[in-house]
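Pull up the viewer and let's take a short walk through this one, a piece at a time.

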Amino acid sequence: MPEQPDKNAIEVRGVRKVFGTGENQVAALDTVSVSIRENEFFTLLGPSGCGKTTLLRLIAGFDFPSAGEILLHGQDIAPLPPFKRPVNTVFQSYALFPHMTVAQNIGFGLEMLGKPKTEIEARVAQMLKLVKMEALKARRTSQISGGQQQRVALARALAPQPKVLLLDEPLSALDYKLRKEMQIELKRLQHETGITFIFVTHDQEEALTMSDRIAVMSAGKILQVGTPWDIYDKPAERFVADFIGETNFLTAAITGMGNGKARATLKSGTTIEATVAEGFQPKGNATVVVRPEHAKLSNSKGDLSGTVENIVYFGTDTHIHVRLDSGEAFTVRQQNTRSAGCGFERGATVGITIGNDAAQVLRD
Ligand code: ATP
């Protein structure tokens, strides 16, 4: 676990952003509050149109909130124009100057700030080293690859030593392998510079692997903020569980509560114990979720029974899709072992055992 910094870099308090008027009005942000700590890799995660970019643009100062305030290190930043905020942005499109060299691009912001030539040269050299682009410093940015352009865009944004770096889907234009490399690179850069990174993505895997904490957004609201582990393992509601990773949803009748757990009777007739999110009192029919890796498949009787419909091989693991006798769908993820198949065939009758602490009852 990374050391938990305790000071807030950014505090967003009750921020609303409304676009348009009358019938065409859209609340891109619907009363959002969140605190982002110093030296944190913080990710805004959510589907297209949920308000991620809008929140980033308000922090950068490219747009203004309709209500609420944004504090940077405790100070209201509303009066500061974008260029006076100690915040810099890396855009999806990189926005580099193609006729300038790599070094000129990196030094551009510093020149605009009127920094002395010797200081600019020293800082550019430091940035070239940080992003491992020394060998290409004299190349024009129109003559380097997409991944290299991404490094230059990062170096240019980091050069003026912002307190906060905003990154709006910076890896989405890269192919899968390069994206994986740049994910590691970005984490290294954040760690080495100690700058607060606010990273926007709609890719849940990217968010889980890179972030210290994640805010999951939907329709202009923040639904949950937590560590990747919290978000994946203790989703607060159905949307979060569904958006992050794969999940099985089962309908159950809640027949009682005890020791903070709910007794949930599944459609198969089996009663299991399921954890409950804090402050939630489930009653009647409820949704129980189980991650595919927290269930075990066998040829004997289990908590659930059904028929194997499909087997999908993923290299490290295999996903086995089962049609339960209740008609519900259920996927089990099984780790692969060397030179052995998954042990089941399409059409086989199987039992599924749900692991201890694996089931959770969620708010719909
Ligand atoms: P994406 O992942 O597709 O970039 P996003 O989560 O960043 O999406 P936003 O760009 O913040 O979402 O948009 C949030 C909502 O506000 C959307 O419904 C969008 O159509 C609307 N919106 C954003 N900017 C404007 C604008 N300038 N005028 C009107 N509506 C806007």
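What follows starts with one helix and its two faces, then moves on to a single leucine.

Keep in mind that this is a predicted model. Start with helix 3, which runs over residues 117-130. How far apart should its ends be? With 14 residues at 1.5 Å a residue, helix 3 should span 20 Å, and its end C-alpha atoms are indeed 20 Å apart, so the expected and computed values agree.

Now look at which way the helix faces. Ile120, Arg123, Val124, Met127 and Leu128 are the buried residues of helix 3. Around the axis they cover an arc of only 140°, so they sit on the same side of helix 3. What do they pack against? The buried residues of helix 3 meet helix 2 (102-112) and helix 4 (146-158). Swing round to the face turned away from that buried side, and you'll find the exposed residues Thr118, Glu119, Ala122 and Lys129. Just past the end of helix 3, Lys132 adopts a positive phi of about 55°.

Next, hop over to Leu189, which belongs to helix 5 (residues 176-193). Is Leu189 buried or exposed? It has 20 other C-beta atoms within 10 Å, and 20 or more is what it takes to count as buried, so Leu189 is buried. Leaving aside residues up to four places away in sequence, Leu189 touches Leu130 and Leu154. Leu130 lies in helix 3, whose residues are 117-130. For a sense of scale, try Leu189 against Gln25: these two are 164 residues apart in sequence, and their C-alpha atoms are 40 Å apart in space.

How values were computed:
Residues numbered from 1 in each chain as written. Predicted model: local features only at pLDDT ≥ 70, side-chain atom pairs only at ≥ 80, totals over all residues. Helix = DSSP H or I, 4+ residues; strand = E, 2+ residues; numbered from the N terminus. Expected span 1.5 Å × (residues − 1). Buried ≥ 20, exposed ≤ 12 C-beta atoms within 10 Å, placed from the backbone. Arc of directions from axis to C-beta. Contact = placed C-beta atoms within 7 Å.
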